[in-house]
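Work through the exercises below with the structure open. Try each task before reading its solution.

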Amino acid sequence: MDIPYIVIDQLTPDQQQVWKTYFGDADRPRYIEEGIWRRTQEKATAEQSGWTTADDARRRIIHYRYRYGLVPTTAAPAIGLTDLYLYHSATAPADEIDAHHDALWDSLATGGWKEAPGGFLWTRRDLKCRITEHDVHPQDAAAGRTLPVGYRSLDVQIASVSYAPPPSVRQLPWNVLSTGVRCKDRPGTPTRVPDLSVLADLLPFQVEIGCGTSVEAGIPPLHRLHEIYRVTDRQGHEPREHRFTLSPTADTLLHEVLTDPEEKTAEFVEMFRACFLAEPTPAMWALKELMDAGHLVGPVITNNFDVLAARAGLDECFMRRYDQAVPDVEWVDGAKALLVVGLHADRRKVQARARARGMQVVYLDPEGFWRDGQFMPYPLEGPQDGDLVCRATAAEALPALVNLLKQQAG
């Protein structure tokens with residue numbers, strides 16, 4: 001595979017300006033796309049991991065970090081993937097690791113990788129692959145973690161040949177692992193409201209947005225990334241039914257990358273490409289109107305990396321930081337409510353802090369999504385007693401709120 005790998009060819013002048021303003025010269029590195037999944041087999045995850053006894057301790061860690069940049073062409077510049085880094089760590093009983101090892105060698109041969117002297121490094125054009133086996137993983141030894149007898153680990157690192165991950169990058173997924181599994185909230189009994197008219201008595205308010213607003217802009221939802229990186233088995237209709245991919249023998253991700261890296265990379269860059277090409281939605285423009293009128297205060301609190309709020313003229317408080325247990329939020333004195341739009345479980349601590357400040361928490365979420373013409377329920381996890389929930393889409397409810405407040409203002 002050739003690096004740079006072209007993601008969007010022949011940018012228009014407007015697209016070049018979008019890159020310069022919101023990606024290339026932005027206040028945070030939006031040209032970096034990064035994600036981490038750590039899935040562990042333990043009692044707390046038994047429903048999705050298949051844990052039954054203390055001897056079940058399989059683990060799967062995925063960490064990807066991609067860098068994008070402008071690539072000159074004979075005509076207009078393109079956006080290319082300039083650095084690729086994918087780390088995969090599997091821990092399982094020795095017989096599963098042995099089978100995983102053999103499958104990797106078969107995939108390397110099928111994909112035409114060339115073995116470098118020493119037997120641990122393979123290359124394929126502008127990519128390199130390093131495989132390391134551990135009887136006791138160094139990270140487990142350093143953290144004092146003890147796995148069942150007979151468990152082993154196998155690490156695979158696939159990167160562009162010119163990229164050498166610094167120690168901070170290599171360490172990041174293990175730091176995240178040390179924070180433990182995410183415990184689900186126990187929902188309270190919120191009050192259902194038909195629309196957002198309740199906010200007319202709670203002005204000004206702040207807002208937190210999740211991927212619901214991104215999906216309305218045509219950006220794939222999070223479960224598309226779960227599919228690309230084989231995080232779950234994707235069996236069943238409801239996302240919370242999906243079981244973790246933990247057995248290396250059932251994990252197809254590395255096989256897909258090693259046998260046809262060009263085809264798999266096209267999937268890896270899907271999300272970034274969709275984010276760059278998306279446009280602010282009516283919901284985003286409604287938030288801008290609410291801000292201009294003084295009803296919405298403070299920056300848009302978000303962990304979205306699509307920059308849509310910024311492109312609608314709104315300041316962003318970006319929180320997707322793996323090293324922050326409690327995200328730093330810019331609260332505004334006098335704000336009476338926090339409106340949470342299209343966000344399920346990711347930033348419940350923000351909502352808890354709003355409640356602690358005496359703010360009314362209002363959720364705007366249809367609590368489901370459409371798939372193949374069928375509405376799939378996806379209940380909110382975080383609402384508590386005293387919270388309000390409006391089961392509508394942002395595209396419907398936010399413009400309606402703008403119109404209501406204009407009418408009340410005369």
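The expected span of a helix is 1.5 Å times one less than its number of residues. The model used here is predicted.

**Exercise 1. Check the length of helix 3.**
Task: What should helix 3 (residues 94-110) span, and how far apart are its end C-alpha atoms?

Solution:
- Step 1. Helix 3 has 17 residues.
- Step 2. At 1.5 Å a residue, the expected span is 24 Å.
- Step 3. The end C-alpha atoms are 24 Å apart, so the two values agree.

**Exercise 2. Find the buried side of helix 3.**
Task: Which residues of helix 3 are buried, and which are exposed?

Solution:
- Step 1. Buried means under 20% relative accessible area. In helix 3 this holds for E96, I97, H100, H101, L104, S107 and L108.
- Step 2. These buried residues cover an arc of only 145° around the axis, so they sit on the same side of helix 3.
- Step 3. D95, D106, A109 and T110 are exposed on the other side.
- Step 4. Now look for the packing partners. The buried residues pack against strand 4 (78-93), strand 6 (121-124), strand 7 (127-134), strand 8 (151-160) and helix 8 (253-259).
- Step 5. Move past the helix end. G112 follows helix 3, and its phi is positive, near 80°.

**Exercise 3. Place R357.**
Task: Where does R357 lie, and which residues is R357 in contact with, leaving aside its neighbours within four places in sequence?

Solution:
- Step 1. R357 is in the loop between helix 13 (348-356) and strand 14 (360-364).
- Step 2. Its relative accessible area is 40%, so R357 is partly exposed.
- Step 3. With neighbours within four places in sequence left aside, R357 contacts W331, V332 and D333.
- Step 4. E47 is 310 residues from R357 along the chain, and their C-alpha atoms are separated by 35 Å.

Definitions and conventions. Residues are numbered from 1 along each chain as its sequence is written. This is a predicted model: local features need pLDDT of at least 70, side-chain atom pairs count only at pLDDT 80 or more; totals for chains, interfaces and linings use all residues. Side-chain values use heavy atoms; hydrogens and water are left out. Helices (H or I, at least four residues) and strands (E, at least two) are DSSP runs, numbered from the N terminus. Buried means under 20% relative accessible area, exposed over 50%, partly exposed in between (1.4 Å probe, protein chains only). The arc is that of the directions from the helix axis to the C-beta atoms. Contact means heavy atoms within 4.5 Å.
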